[in-house]
Amino acid sequence: MRRLRGLRQKSCCVKRHESVVPRSREPVIVRKKSLILFLLCALAGWNRAFADEETRQVQEELRKRHLFFRDIDGRQSQEYSMALRRYQQRQGFAQTGYADDVTLYSLGIGEAAPPAEGARDLPDVPVLKSDAALHEPRPTRPPVPTKAQNASDVAKAEIRNFLRRYFDAGQSPNPDDELAFYAERVEYFDHGVVDRPYIRNELAVYDQRWPSRKYDLGDSLRVARIGNNTIVKIRVAFDVANPEQSRKANGRTDDTFNLAKRGDSLEIVSIKEARVRRPSRHRRRPPNFPAAVGRTVHHIFRSIFH
């Protein structure tokens, strides 16, 4: 009984103590929490608005390349991340699934980073310019030179000199030096028909991948005149390197150009390249002597009795 009375007295004291605490502070605390939540939501919505616009642009560029097939809603999803990985694989970038600066610039979004600030952890990347172009189908037909652009009267020596200057420009760190040799619309490797800004982006990315480049032309130069087209084929030896990544590659390619006239000079309206594979050397298998002797004896008997 004494214990029950003590517990009742303690509970009464607690209730009286709680009743003494002023309740006027509770609305103030609730208002502060509401204000903090409102500011956090506003900040999240602000960041989402900017992120969604960038995501929407990336979705549009990926759809143009037949990699993203969902709605252009500016929302990141698993399909969006997978499409980015496929594009990064095509371009030889690190397959992160995120739109980093190098990926954005390659898609024509954002500005190029200076070479000193470029990506330093590139994986094993494509060597040739055509290696990164895995058949991006485009509806535009290949450009055909007009009658006024027909280069059929251009001498072979002049064509070789033009190509020599083109490959010299391809060794320059400035993409505009090589870009000057292209027409306004070009069938560019396996990318389809593209414009010059598109080519400039590809050249800038390739320069980051292989900043050191050297090209040597072969002796054979074949020229074919088909209608208004002047098709030129030549073998090229290439030697590329990335000293910062301790990476280098070399080999030979058979390059095919379609040339047209641009005033007193020439321009490229189509370019293709194919890697020259080294012939494999198969070792001859040693003859099966018992079988060979048996075939010889059988042949002799047939010749005698027939």
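Q: Which residue is the bridge partner of Y188 in β6?
A: The bridge partner of Y188 is I271. Before we go on, note that this is a predicted model, in which local features need pLDDT of at least 70, side-chain atom pairs count only at pLDDT 80 or more, and totals for chains, interfaces and linings use all residues. Residues are numbered from 1 along each chain as its sequence is written, and side-chain values use heavy atoms, with hydrogens and water left out.

Q: What makes β1 and β6 a pair?
A: Two strands pair if DSSP finds at least two bridges between them. Strand β1 (residues 182–188) and strand β6 (residues 265–275) have 3 bridges, so they pair, in the parallel sense. As for the names, helices (H or I, at least four residues) and strands (E, at least two) are DSSP runs, numbered from the N terminus.

Q: How do you know that β1 and β2 pair, and in which sense?
A: There are 3 bridges between β1 and strand β2 (residues 193–195), so they meet the requirement too, here in the antiparallel sense. One example is V186, whose bridge partner in β2 is V194. The two strands form a hairpin with 4 residues between them, and F189 in the turn has a positive phi of about 50°.

Q: Why is D207 called buried?
A: Buried means under 20% relative accessible area, exposed over 50%, and partly exposed in between (1.4 Å probe, protein chains only). D207 has a relative accessible area of 15%, so D207 is buried. Strand β1 can be described with the same word: 5 of its 7 residues are buried, and the strand is mostly covered.

Q: What makes D207 and R213 a salt bridge?
A: A salt bridge is a side-chain nitrogen of Lys or Arg within 4 Å of a carboxyl oxygen of Asp or Glu. The closest N and O atoms of D207 and R213 are 3.0 Å apart, so the pair qualifies. R213 is buried as well, because its relative accessible area is 10%. The structure holds 12 salt bridges.

Q: Buried, partly exposed or exposed: what are E267 and R262, and why?
A: E267 has 9% relative accessibility, so E267 counts as buried. R262, at 35%, therefore counts as partly exposed. Their side chains meet in a salt bridge (2.7 Å, N to O). Elsewhere, salt bridges that share partners join E61, K64 and R65 into one network. Within that network, E61 and R65 meet at 3.0 Å, N to O, and both are buried.

Q: How do you know that the span of helix α5 agrees with its number of residues?
A: The expected span is 1.5 Å times one less than the number of residues. For the 14 residues of α5 (residues 156–169) that should give 20 Å, and the end C-alpha atoms are 20 Å apart, so the two agree.

Q: Why can the buried residues of α5 be said to line one face?
A: The buried residues are I159, F162, L163, Y166, F167 and A169. Seen down the axis, they fall within an arc of 155° (taken from the directions from the helix axis to the C-beta atoms), so they line one face of the helix.

Q: Why are D264 and S246 called exposed?
A: D264, in the loop between β5 and β6, has a relative accessible area of 81%, so D264 is exposed. S246, in the loop between β4 and β5, is at 70% and therefore counts as exposed. Phi of S246 is near 50°, a positive value in a residue other than glycine.
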